[in-house]
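Please show me the two chains and walk me through them. I am new to this structure.

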Amino acid sequence: MLSYIIRRILLMIPTMLAISFLIFFIIELPAGDYITNQIAALRASGETASIAKLEFLRAEFALDRPFFERYLIWLGCWPGPNGFDGLIQGNWGWSFEFDRPVSEVVGPTLPLTIVLNFATILFVYIVSFPIGMYSATRQYSWGDYGFTFLGYIGLATPNFLLGLILLYLFNRWFGLSVGGLMAPEYIDQPWSVDKALSVLAHLIVPTIVIGTAGTAAMIRRLRANLLDELHKQYVTTGRAKGLTEGRLLYKYPLRMALNPFIADIGNLIPSLVSGSVIVSVVLNLPTVGPVLLSSLQSQDQFLAGFILLFVAVLTLIGMLVSDLLLAVLDPRIRLGGRATR
Amino acid sequence: MTGERSDLTHAPAGKREVEHYVDPQPFDPGSVEELTPEQERFYQASQWQIMWWKFKRHKLAVWSGVVLILFYLCVPFAEVIAPYTANTRDSNHLYAPPQPLHLFHEGRFVGPFVYGMKSELDMTNLKWVFSEDRTDVQPVRFFCSGDPYKFWGLLDADFHLFCPAEGGTLFLLGTDRLGRDMLSGLIYGARISLTVGLVGVAISIVLGLFFGGIAGYFGGIADNVIQRIIEIMRSLPELPLWMALSAALPVTWNPVWIYFGLTIILGLLDWPGLARAVRSKLLSLREEEYAQAAVLMGAKPKRVITRHLLPGFSSHVIASASLSIPSMILGETALSFLNLGLRRPAVSWGVLLNEAQNISVVTVYPWLMAPVIPIIIVVLAFNFLGDGLRDAADPYK
C-alpha cells in the first residue's frame, strides 16, 4: 500500500510540471504584459514621469527576459533579479492590479475555495449514493422515473444558470440574499455563532448549485453499474440460498458497483472545480473564482497564473484522494498496477 | 457471393487418394436455409441502415432530433423568423415586460393579437411602468414587411414571417435595457450558440482522430506520449482554462474572428476524450479477425485503416462527438456571460444572458432570463440524441 501511495505521488510531479508550463504558456499568450500596456497607455497620454518606475518594475519582475527564462524564474528553478525566488521557494508572485503580493490577494480566499469544493464532493457522494441505490433496486418505479427526470434536468442546466435561477427564486419567495458568504449585517463583525450559522446557510445553495450536475451523473452511473450487477447469476444464487434482500444487496452487488462509483469521482472533480469558479462569480462568493475573472480581464499575469495553478493542483489532489480511496477499497489496484478506468 | 464450393461430404471413407472435387453448380447461399425477404433485407443492410433502424426505435432520441432540427431552422432564416433585428432599439420601451398573445377580444375572435402598452414614468423608483391598454388591439401581421435587414449580410430585404401591427409593438418576451426585443435576440442568438458547438466538435474530431489514430495505430513511444498528454489534459478543470484562453483573444478582433477563436478554444480542450475513445477502439478493432484477415491478405496499412477500421468506429466517434456538443454550447454561453467571449453587436444566448448578470436587475425584470429556456431545451435534446446515437452505434445491443 505504501509503495503504491509513493508511486502515485511521484507520478504527480511530472504532471504538475507539465501543467505549470501549460498554464504559464497560456497566461503569456496575450500580447505584451501588464506593465508594457501601462507604459503604452502612459506614453499615449503624454505622461513620461512614471515610465522610469515602470521600467524598473519590468526588470524587477524579470519581464524583460526570454520566455523560458521567465518560466523557470516563476517556478524558482532559475536565478531571477532577486536570486532563486519563485513558486518552489514559496513566493507566489506580485499582483500588479492590486499592487500587493499574490499571497495577500488570494490568501483569504483559498480556505473557502477548498471548503466549498470539499463540501460539494461530499454532497455529491451523500446524495447520489442512496438515490442511485433506490433507482437501481426499484427500477421503473415512479420514484425511479422521477429521479431520472430530475437527473436529466440537472445534467442539462448549466450550473451558473441554476445559480441565477435559485438566486431569483430565493429572493422572490424568502427575500433572502443568497449571494455572498454571509448575510450583509455580519460583514466586518467579529466571529460569533450567528455569523458562523449565516456562513453555513449561505454555503448550502452554492454547494447544491455546483453539485447538481455531478450528482445527476453519479446517480446515472451507480444505477447502471448496480443494475448490471443485479442481473448476474451470483445474485440469484444468493437469493436461492435464502439471503434477505437487504443483506444480499449489501454483501455482493453493492460492493462491486462501488468501485466505478469511486473511480468516477476522480473524473468528476475537474468539472466540479470548473463549476465552483463560475458559480462563485455568479453568486459573488469570496473564492478564487471572482479574483481569477478580474485578473484575467486586467491581464494581471502572476495572479491569474497562480490561481490557475492552484485550481489545477486542487483537482490533482482530489484525483489523488479518489485513487487512494479506490486502492483502499480494491486490493487488485494496490497490489497490481494503476486504476483501470 | 458467387464462387466454387469444394464439397467433401461425398468423399468415400477409404484411404484411397481422392480427386479434388469441385461442384460445377454456382454457390447458392439460400440452398441451406431460405431467407424471408425481411431477413434478407436485414442481412444485406449496410451498417448505417441498421443504425438508422435502431435509432428509430429510440423514440425520445427521434423527438429530440426533430426539436433540434426546428431550432436549427433559426440558423439560416433568423432574419425572416424574428420580428425585429437583434439590435433594433426602441427607446420608448426600455425594459418593457412581455406582451401576452391573445386570440379573443371582448368575447370576439380576432386572431392572434397583443394589447398596446401604456407607459408612464415612475418618478420615485425612476423607472418606466408599463400597463396593458385594453382598448388598443394590435393584430399580429403575417408574411409582412417590417424592420429592414440585410439577409445573410448581403441582400437588403424587409420580409418577416410575422411582425407587429402598423405603429404597434410586438415584444413577446419583453425588451432589455436598450429596448431590444428579447425574442428576436434569441432567434438571432441561435445562429452563434447552435453553430459554435458544431464547429468546435469538428475541430475536436479532427484533432481526436489524428492523435488517437497515431496513438492507436503506431503504439510504442508515440502512444505513451499521447496517453500522458491526454491524461494531463483530462485532469485540468476546463472552464478556468477556457476563461484564460479567451481572455487572450485580442479585444480589437471583430466578432467573426472572436467567434472562430472561441470555437478553436472550445475544440482545443475537448479532443482528449475523443482521442482516447478513438485509440481504444482502434486497438481493439486491430485485433478483430476481419482486420487480421485483411492484413494477412496483404492489404497495405492505408487500406486497412480506411476500408476496414474506419467504418468500424466512425459511427462510434460521431455518437460520442454529439455528446460533447452540449458542453461546448454551455462553454460559449458561460464565457459570453462572463464578458470573456462574444460581445455586442454579436448576439448569442450567452451575450443576452450577460444582461442578467446583476441579480437586482433580474429580480425586477425576470424576463431577461429567457435565454435559459432554449439553452436547457437544446442541451437536453442533444443529450437524448447522443444517447440514442450511441445505443444505435453499439453493435452489441
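Short questions and answers follow.

This is a predicted model: local features need pLDDT of at least 70, side-chain atom pairs count only at pLDDT 80 or more, and totals for chains, interfaces and linings use all residues. Residues are numbered from 1 along each chain as its sequence is written, while chains are lettered from A and ligands numbered from 1 in the order in which they are written.

Q: How many helices and strands does chain B have?
A: Helices (H or I, at least four residues) and strands (E, at least two) are DSSP runs, numbered from the N terminus. For chain B the result is 13 helices and five strands.

Q: What is the radius of gyration of chain B?
A: The C-alpha atoms of chain B fill a box of roughly 115 × 55 × 35 Å along the principal axes. The radius is taken over C-alpha atoms, and the globule rule is 2.2 Å times the number of residues to the power 0.38. A compact globule of 397 residues would come near 21 Å, but chain B has 30 Å.

Q: Into which domains is chain B divided?
A: The bounds come from an automatic or database domain assignment. One piece of chain B, domain 2, covers 78-179, and the other, in two segments (61-76 + 184-393), is domain 1.

Q: Which helix gives the largest share of the side of domain 1 of chain B that touches domain 2 of chain B?
A: The C-alpha centres of the two domains of chain B lie 36 Å apart. Their contact (C-beta atoms, placed from the backbone, within 7 Å) takes 15 residues from domain 1 and 15 residues from domain 2. On the domain 1 side, helix 3 (59-81) and helix 4 (182-218) of chain B each supply at least two residues. The largest share, six residues, comes from helix 4 of chain B.

Q: Which helix gives the largest share of the side of chain B that touches chain A?
A: The contact takes 32 residues from chain B and 39 residues from chain A. Helices 6 (238-247), 10 (301-337), 12 (359-364) and 13 (372-393) of chain B each give two or more residues to the chain B side. The largest share there, eight residues, belongs to helix 6 of chain B.

Q: How many residues of the side of chain B that touches chain A are nonpolar?
A: Ala, Val, Leu, Ile, Met, Phe, Trp, Tyr, Cys and Pro count as nonpolar, Asp, Glu, Lys and Arg as charged, and the others, Gly among them, as polar. On this side, one residue is charged, four are polar and the nonpolar ones number 27.

Q: Which helix gives the largest share of the largest nonpolar core?
A: A nonpolar core is a set of buried Ala, Val, Leu, Ile, Met, Phe, Trp, Tyr and Cys residues joined through C-beta atoms within 7 Å; buried means 20 or more other C-beta atoms within 10 Å of a residue's own, with C-beta atoms placed from the backbone. The largest core has 150 residues, and B:Met243 and A:Ile307 are among those with the most contacts inside it. Its largest share, 14 residues, comes from helix 12 (residues 253-283) of chain A.

Q: What is the helix content of residues 199-219 of chain A?
A: An unreviewed UniProt entry lists this span among the "transmembrane region" stretches of chain A; such annotations may be inferred rather than shown by experiment. The end C-alpha atoms of the span lie 29 Å apart, strand is 0%, and helix is 100%.

Definitions and conventions: Two residues are in contact if their C-beta atoms, placed from the backbone, lie within 7 Å. A residue is buried if 20 or more other C-beta atoms lie within 10 Å of its own, exposed if 12 or fewer, and partly exposed in between; C-beta atoms are placed from the backbone.
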